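Open the model in your viewer and keep the sequence panel beside it. The stops below give a selection for each step and say what is found there.

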Amino acid sequence: MASCNLGPSFPTWLKFQKNLFELDMLNVGISGSIPNWFWNISSRLDLSNNKLSGSIPANMGESNLDLLFLSLSSNQITREIPKSMGYMRKLETIDLSRNSLTGSIPSSISNCSSLSFLNLGQNNLFRAIPKSFGRLKWLHSLYLNKNKLSGELSLSFQNMLSLEILDLNYNKLSGDIPTWIGTAFSSLTVLKLRPNAFSGGLLFRLSNLTLLHILDLAENNLSGSIPSTLGDLIAMSPKGKVIRPLIVVYVIGNWNNKYIAKAIGQDKLIMKAKNQDLEYATSLPLVVSIDLSSNNFTSQFPNQLTKLTRLTFLNLSRNHINGSILQDISMLHELQSLDLSYNNLYGTIPSSMPSLTFLSYLDLSNNNLSSKIPFTRQMTTLNDSMFTGNSLLCGHPLVAQCQDDDLDQRQGQSNVEDENDDGFVDQWFYLSIGLGFAASILGPYFLIVIKKPWCEAYFRLVGKIVDKVL
């Protein structure tokens with residue numbers, strides 16, 4: 001029934017349906033509160049993308065102990081998540097994202113030992129993440145982003161050995177990023193911790209995260225140097241493989257001894273890149289990104305990054321990174337977005353940078369870069385705002401011209417003037433020849449016309465000469 005117009009009131013005829021294995025009411029236009037009889041109607045309930053309001057009943061977990069799938073995302077549900085949800089131990093998927101839920105996350109959810117997908121993102125949940133979540137050993141996707149969660153990451157979380165996606169973006173979490181992340185989460189493909197209040201350095205073993213292809217630690221209080229082990233992220237190097245899409249699939253029946261399965265959703269991520277928010281779903285495995293922006297890193301530009309040739313997004317802006325941009329930056333041939341603004345970088349822009357043919361966003365503003373911008377090929381698609389704040393930088397697309405450009409311009413003007421002078425001399429030369437020739441022909445004629453005796457003498461002389469010749 002997905003996307004069928006069944007609203008706006010809740011369809012009461014459903015109350016009399018028996019033996020429903022799956023109830024898919026995604027985007028059917030219903031509103032109002034969910035009736036109590038609804039919770040035990042099926043083992044798979046999808047009411048996402050509607051206009052449902054009210055709260056989840058406190059005893060809903062006692063209504064359907066066989067519930068496997070529950071999605072109430074993108075509604076207007078309020079109040080707290082009931083503790084009784086932990087009674088539904090067979091639950092594999094819980095998606096309550098994009099609502100107005102408040103309060104703390106009930107620790108009883110960790111009783112759902114079969115849980116593989118948990119999304120509580122984009123609500124108003126607060127306090128700490130329950131330490132008991134460490135018991136969710138089959139959990140592969142955990143979304144708690146855009147809440148008001150606080151506290152530190154508990155040591156017990158290292159027991160979530162199956163975790164592939166960890167999205168804690170936009171919370172108030174603090175403390176150091178645990179060192180055990182690099183050893184416990186060996187299957188991790190996405191790690192998103194922006195923006196929070198994490199501090200300290202990057203001390204976890206990045207080289208162990210062989211499947212990681214999205215690392216977002218932006219807008220924290222991280223400091224120190226960017227570790228050289230960042231270049232050991234295999235999934236971002238030529239040795240890396242395209243990560244399969246993470247899709248939630250369940251069996252809905254069988255026919256002729258063959259199972260019939262249905263994909264009910266897949267992981268989606270909102271990436272901040274190219275100075276905007278971009279949502280990725282089916283193309284998520286193709287995104288390879290590192291974002292360490294808006295921290296306090298002080299190291300030189302890390303040359304190990306040039307080994308990560310599968311990178312599509314790189315953002316190191318708003319730190320204290322110094323040194324020069326390496327010529328080997330051209331090794332990142334799949335790069336689409338590069339932001340190095342608001343650092344202390346110096347030297348010239350590498351002449352190899354225009355060879356990044358996929359580059360559609362570049363920001364080098366507010367550094368100490370100098371000399372002429374290599375404004376060719378891909379660089380010609382960029383505007384001057386990407387280079388401003390570098391007082392010693394010159395050439396297109398900036399207004400400031402380089403000294404060699406001025407010299408070339410002056411030489412060009414001098415050559416034009418020389419050519420004009422040569423043309424002027426040539427014109428006078430040919431004019432003088434013409435005037436001389438005219439004077440030699442017309443001069444005697446005018447004299448003969450004016451002086452009649454001279455005319456008679458002239459013709460007598462001509463006559464004598466002709467007689468002698470003949």
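A cavity here is a set of grid points where a 1.4 Å probe fits but cannot get out, and its lining residues are those with an atom within 4 Å of a point. The model is predicted.

**Stop 1: a cavity**

By this rule, two cavities of 30 Å³ or more are counted. Go to the second largest cavity, which has a volume of about 50 Å³. To see its lining, select Ile 129, Leu 142, Leu 153, Phe 157, Met 160, Leu 166 and Leu 168. What classes of residue make up this lining? Seven are nonpolar, with no polar and no charged residues.

**Stop 2: the sheet**

Switch to a cartoon view and look for an open sheet of eight strands with parallel pairing. Its order is E6-E8-E10-E12-E14-E16-E18-E24. Select 78–80 for strand E6 and 296–297 for strand E24; these two stand at the edges with a single partner strand each, so one side of each has no neighbour in the sheet. Strands of a sheet pair through backbone hydrogen bonds.

Now step through some of the pairings:

- Select residues 100–103 (strand E8) and 124–127 (strand E10): they pair in the parallel sense over two bridges. Thr 102 has Asn 124 in E10 as its bridge partner.
- Add residues 148–151, strand E12, which pairs with E10 in the parallel sense, again over two bridges. Here Phe 126 stands opposite Lys 148 in E12.
- Move to residues 172–176 (strand E14) and 197–200 (strand E16), which run parallel and are joined by three bridges. Gly 175 has Phe 198 in E16 as its bridge partner.

**Stop 3: aromatic rings**

The structure holds six aromatic pairs. Select Phe 10 and Phe 38, an edge-to-face pair with 5.2 Å from centre to centre and 80° between the planes. Which parts of the chain does this pair tie together? Phe 10 lies in the segment before strand E1 (23–24), and Phe 38 lies in the loop between strand E2 (31–32) and strand E3 (44–46), so the pair links parts that are 28 residues apart in sequence.

Keep Phe 38 selected and add Trp 39. Their ring centres are 6.1 Å apart and their planes are at 75°, so this pair is edge-to-face too. Are these rings buried or exposed? Phe 10 and Phe 38 are both buried, Phe 38 with a relative accessible area of 1%. Trp 39 is buried as well, at 2%. Add Trp 37 to complete the selection: Phe 10, Trp 37, Phe 38 and Trp 39 form one aromatic cluster.

**Stop 4: charges over rings**

Select Lys 146 and Tyr 170. The charged end of Lys 146 sits over the ring of Tyr 170, 5.6 Å from its centre. Then select Arg 318 and Tyr 342, where the arginine lies over the face of the tyrosine at 4.1 Å from the ring centre.

**Stop 5: a loop residue**

Finish at His 333, in the loop between strand E26 (322–323) and strand E27 (337–339). His 333 counts as partly exposed because its relative accessibility is 43%, and the range for that class lies between the 20% and 50% limits. Add Leu 356 and display the C-alpha atoms: those of His 333 and Leu 356 are separated by 5.4 Å, although the two residues are 23 apart along the chain.

Key. Residues numbered from 1 in each chain as written. Predicted model: local features only at pLDDT ≥ 70, side-chain atom pairs only at ≥ 80, totals over all residues. Heavy atoms only, no water. Pairing = 2+ DSSP bridges. Helix = DSSP H or I, 4+ residues; strand = E, 2+ residues; numbered from the N terminus. 1 Å grid on protein atoms, 1.4 Å probe; cavity = no way out; pocket = protein on both sides within 12 Å on 5 of 7 lines; lining within 4 Å. Points joined across faces, edges and corners; volume = space filled by probe spheres on them. Nonpolar A, V, L, I, M, F, W, Y, C, P; charged D, E, K, R; others polar. Phe/Tyr/Trp six-rings, centres within 6.5 Å; stacked < 30°, edge-to-face > 60°. Buried < 20%, exposed > 50% of the residue type's maximum accessible area, 1.4 Å probe, protein only. Lys NZ or Arg CZ within 6 Å of the ring centre and 35° of its normal.
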